[in-house]
Amino acid sequence: MTIPTPAQTLSQEQQAISLLITALQKEQTLLDQEKVDDLLILLTEKATIIAGMTKLAEQRFMALEAAGFPGSEEGMKQWVHAHGSIENKQLLNDILPLAATAKELNRLNGLLIGKHMSHNQQILDAIQHALQGGKIYGPDGQSNIKTPGRQLGIG
C-alpha cells in the first residue's frame, strides 16, 4: 500500500466537511421541525460522512508520521508550512474555518437535542405522575410535577 503525501487527502476532506455541514444544517432544521423519522434517516448519512472523514484523517496522519511530523492537526500545519504548495496552504486555510463551522453546528444541534430530551422527560414525568394517581395541578393551578434544573434556551 502506498502511503499518500499528507496533502493528497485535503481536497477530499474539504468535500467531506462541506457534506457534513450540509447534513448538520439539515439536522438543525429537522430538530426545529421535530421530524424524528427524518432525523433517524439523516443519522445514517451523517455516520457515513464521519466514517469517511475519519478514514481520510487517518491516512493523512499516517502520511505525516511517515514524513517525520506529528500525526495531528498541528503536524499538518507544520508540514504545509515546510513542504506544502500554495494550493495545499489554500486548501488547509479553507478547511480550518469549515471545521470550526461544523463543530459549532454540532454543538448547537446538541443543545437542541438536549432541549427536546428535557421536554420529553417532563412529559414522561407528568404521565408517570398521573398514572400513579397524582394530581398534575395543585389547587393554585401550578404544576405539581417537579423537574430538575433550568430550561435550556437557545437564542
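**Close-ups of a four-helix chain**

**View 1. Helix α2 meets helix α3 at a slant.** Helix α2 (residues 36-66) packs against helix α3 (residues 73-83) at an angle of about 55 degrees, and their axes are 10 Å apart. That angle makes α2 oblique to α3, since an angle of this kind falls outside the parallel, antiparallel and perpendicular ranges. The crossing of α2 and α3 is left-handed. Keep in mind for this and every other view that you're looking at a predicted model.

**View 2. The whole chain, for orientation.** Stepping back, the chain comes to 4 helices and 0 strands. Reading from the N terminus, the elements simply go α-α-α-α. Of the 155 residues in the chain, 26% are buried.

**View 3. W79 in helix α3.** Is W79 buried or exposed? W79 sits in helix α3 and has 9% relative accessibility, so it counts as buried, the cut-off for that label being under 20%. Look for T5 here too: W79 and T5 are 74 residues apart along the chain, yet their C-alpha atoms are separated by 10.0 Å.

**View 4. K46 and E27, a salt bridge between α2 and α1.** Side chains of opposite charge can pair when their charged atoms come close. A search of the whole structure turns up 4 salt bridges, and one of them joins K46 to E27, at 2.9 Å from N to O. K46 belongs to helix α2 and E27 to helix α1 (residues 10-33), so this pair ties together parts that are 19 residues apart in sequence. How accessible are the two partners, K46 and E27? K46 has 11% relative accessibility and counts as buried, while E27, at 5%, also counts as buried.

**View 5. E73 and R60, a salt bridge between α3 and α2.** Here E73 forms a salt bridge with R60, with the closest N and O atoms 3.4 Å apart. The pair links distant parts of the chain, since E73 is in helix α3 and R60 is in helix α2, 13 residues apart. So this salt bridge joins the two helices whose oblique packing you saw in View 1. The two ends have their own labels: E73 is partly exposed at 40% relative accessibility, whereas R60 is buried at 4%. Who else joins in? E13 is linked with R60 and E73 in a network of salt bridges.

**View 6. R107 and E104, a salt bridge inside α4.** Now for a pair within one helix. R107 forms a salt bridge with E104, and their closest N and O atoms are 2.7 Å apart. Both residues lie in helix α4, 3 residues apart, which is about one turn of the helix. R107 counts as partly exposed at 45% relative accessibility, and E104 counts as partly exposed at 35%.

**View 7. A nonpolar patch on the surface.** Which residues make the nonpolar surface patch of about 410 Å²? The patch is made by I123, L124, I127 and L131. Among them, I127 has its place in helix α4 (residues 86-131). I127 has a relative accessible area of 44%, so it is partly exposed. That value also clears the cut-off for joining a patch, because patch residues need over 30% relative accessible area.

Notes
Residues numbered from 1 in each chain as written. Predicted model: local features only at pLDDT ≥ 70, side-chain atom pairs only at ≥ 80, totals over all residues. Heavy atoms only, no water. Patch = residues over 30% accessible without salt bridge, like charges linked within 9 Å, V, L, I, M, F, W, Y side chains within 5 Å. Areas by Shrake-Rupley, 256 points an atom, 1.4 Å probe, with all protein chains shown as cover. Salt bridge = Lys/Arg side-chain N within 4 Å of Asp/Glu carboxyl O. Buried < 20%, exposed > 50% of the residue type's maximum accessible area, 1.4 Å probe, protein only. Axes fitted to C-alpha atoms, helices over the stretch in contact; angles between N-to-C directions. Parallel < 35°, antiparallel > 145°, perpendicular 65-115°, else oblique. Left-handed = near helix turned anticlockwise from the far one by under 90°.
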